[in-house]
Amino acid sequence: MNMNATLLGQAITFVLFVWFCMKFVWPPVIGAIEKRQKEIAEGLASAETAKKDLELAKANTSDIMQQAKVEANAIIEQANKRKAIILEEAKQEASREKERIVAQGLAEVEAERKRAREELKQQVATLAIAGAEKIIERSVNEAANSDIIDKLVAEL
């Protein structure tokens, strides 16, 4: 009977141990396991959401890059148009400046030509008077004959 009592004592101890474990140990262990399962499920869901967000971000990045390329090409095209306009304006301004300089040069040449012509007329008149003096062998009074000299200069 000693053995039966020992077995019975061990059985009661085992039953008490199981009851104690089920009452006090098992609920926190189950709670921790359930909490961990919930955290793992949430982590997997977050990972799946992050994966979808990453795919969406990749698609958006591709769209944004395409849009940026289109905008960059539009900006480059506008810059090229502006460059062409600026070059055309510069050519027109240079052409106007050239025409102004040429006109000024022509005016200066014409003024110089008139001055040279007047000077030449004066020299021809002086030479004509000198020649006339030599021909008639007398001195012509310039003051007295200035109207004749003026007419001669005008005719030349």
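1. Starting with a single side chain: R100 comes out as partly exposed, at 44% relative accessibility (buried is under 20%, exposed over 50%, partly exposed in between; 1.4 Å probe, protein chains only). Its salt-bridge partner is E97, and their closest N and O atoms sit 2.4 Å apart (the criterion is a Lys or Arg side-chain nitrogen within 4 Å of an Asp or Glu carboxyl oxygen). E97 is also partly exposed, with a relative accessibility of 30%. Both E97 and R100 belong to helix 1, where three residues, or about one turn, separate them.

2. Before going on, the ground rules. This is a predicted model: local features need pLDDT of at least 70 and side-chain atom pairs 80 or more, while totals for chains, interfaces and linings use all residues. Residues are numbered from 1 along each chain as its sequence is written, and side-chain values use heavy atoms, leaving out hydrogens and water.

3. The overall picture is quickly told: the protein has two helices and zero strands (DSSP runs, H or I of at least four residues for helices and E of at least two for strands, numbered from the N terminus). Helix 1 covers residues 2-136. Of the protein's 156 residues, 4% count as buried. The exposed surface adds up to about 13600 Å², with 63% of it supplied by carbon and sulfur atoms (Shrake-Rupley areas, 1.4 Å probe; for residues, only the protein chains shown count as cover).

4. On annotation, an unreviewed UniProt entry places a "transmembrane region" at residues 6-26 (positions follow the numbering used here, feature names are shortened, and annotations may be inferred rather than shown by experiment). In the model, residues 6-26 are 100% helix and 0% strand, and the C-alpha atoms at the two ends are 27 Å apart.

5. There is a nonpolar surface patch made of L8, I12, L16, W19, F20, F24, V25, V29 and I33, together offering about 860 Å² of accessible area (patch members have over 30% relative accessible area and no salt bridge; like charges join within 9 Å, nonpolar Val, Leu, Ile, Met, Phe, Trp and Tyr side chains within 5 Å). L16, one of its members, is placed in helix 1.

6. How many aromatic pairs does the structure hold? Two (Phe, Tyr and Trp rings, six-membered for Trp, with centres within 6.5 Å; planes under 30 degrees apart are stacked, over 60 edge-to-face, the rest tilted). W19 and F24 pair edge-to-face because their planes stand at 90 degrees, with ring centres 6.3 Å apart. F20 and F24 make a tilted pair, 5.2 Å centre to centre with 45 degrees between the planes. W19, F20 and F24 form one aromatic cluster. F20 and F24 are four residues apart in helix 1, so about one helical turn lies between them. Both Phe side chains are partly exposed: F24 at 47% and F20 at 41%.

7. Back to charges: the whole structure has seven salt bridges. One of them joins E77 and K81 at 3.4 Å, N to O; these two are four residues apart in helix 1, so about one helical turn separates them. E77 is partly exposed, with a relative accessible area of 45%.

8. Further along, R113 and E110 meet in a salt bridge at 3.1 Å, N to O. Here R113 has a relative accessible area of 42% and E110 one of 30%, and each counts as partly exposed. The two are three residues apart in helix 1, about one turn. As for networks, E112, R115 and E119 are joined into one by salt bridges that share partners.
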